[in-house]
Amino acid sequence: MINKSIHESAVIDFQGTLHMPESTIIEPLVTIYGGPDAVLSFGEMNIIYPSSSIRIDKGRMETGREVSFGPGCHIYEPREGLIIGDYTMIAGGTMICGVEHGHTRLDIPMRKQPPTSEKIIIEEDVWIGMGTTVASGVTIGRSTIIGAGSVVTSDIPPYSVAFGVPCKVVRKRQ
């Protein structure tokens with residue numbers, strides 16, 4: 001049976017384990033790729049807007065209920081895991097990158113060094129503004145707002161409003 005909420009232009013090439021409820025909406029030009037060691041589990045009522053991509057060669061991604069990925073969002077290689085909590089809004093152009101090239105040795109090209117990866121956790125009811133980058137190893141606490149264009153390289157506590165490059169807490173939500 002074909003999920004009628006997947007646009008005909010979307011490309012889903014998933015060799016690993018994929019859980020996609022009937023309530024998932026995949027809009028035009030979305031690409032979802034998973035290698036044999038990939039696990040992707042969407043919660044109920046997720047929506048992925050046009051031109052977004054999820055690439056998991058190996059690793060795991062799990063979303064909660066009512067998570068949205070704005071147009072042009074890219075999830076790249078969450079090798080140690082990516083957890084996104086319920087009711088989270090990820091605005092267009094956001095990049096969540098779960099892996100970094102190795103760079104500690106100078107005698108070996110970076111491309112040939114082993115990559116590093118750490119788990120990323122985005123707790124529930126988070127709003128990530130347009131064009132944000134979220135790096136490997138970050139936890140964004142519940143009910144937090146991340147301002148547009150931010151680069152999140154360290155943990156952000158719950159109930160925060162944070163923005164900038166690098167992203168810093170500017171106030172608490174009250």
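**Exercises around lysine 172 and its sheet**

Strands β13 (residues 127-128) and β16 (residues 145-146) run parallel and are joined by 2 bridges. The model is predicted, so local features need pLDDT of at least 70 and side-chain atom pairs pLDDT 80 or more, while totals for chains, interfaces and linings use all residues. Residues are numbered from 1 along each chain as its sequence is written, and side-chain values use heavy atoms, leaving out hydrogens and water.

**Exercise 1.** Find the bridge partner of tryptophan 127 in β16, then place the strands in their sheet.

*Solution.* Start with the pair: tryptophan 127 is bridged to isoleucine 145. Next, read the sheet, which is open and mixed, with 8 strands in the order β3-β5-β7-β10-β13-β16-β18-β19. Its edge strands, β3 (25-26) and β19, each pair on one side only. Strands here are DSSP runs (E) of at least two residues, numbered from the N terminus, and two of them pair if DSSP finds at least two bridges between them.

**Exercise 2.** Is lysine 172 buried or exposed, and what does lysine 172 contact?

*Solution.* First, locate lysine 172 in strand β19 (residues 168-172). Its relative accessibility is 40%, which is why lysine 172 counts as partly exposed (buried is under 20%, exposed over 50%, with a 1.4 Å probe and protein chains only). Then list its contacts (heavy atoms within 4.5 Å): beyond neighbours within four places in sequence, these are Pro157, Pro158, Tyr159 and Ser160. Finally, look at the polar atoms: one in the lysine 172 side chain lies 2.7 Å from the backbone oxygen of proline 158.

Methods
Helices (H or I, at least four residues) and strands (E, at least two) are DSSP runs, numbered from the N terminus. A polar contact is a pair of N or O atoms within 3.5 Å; within protein, one must be able to donate a hydrogen and the other to accept it, and residues adjacent in sequence count only if both atoms are side-chain atoms.
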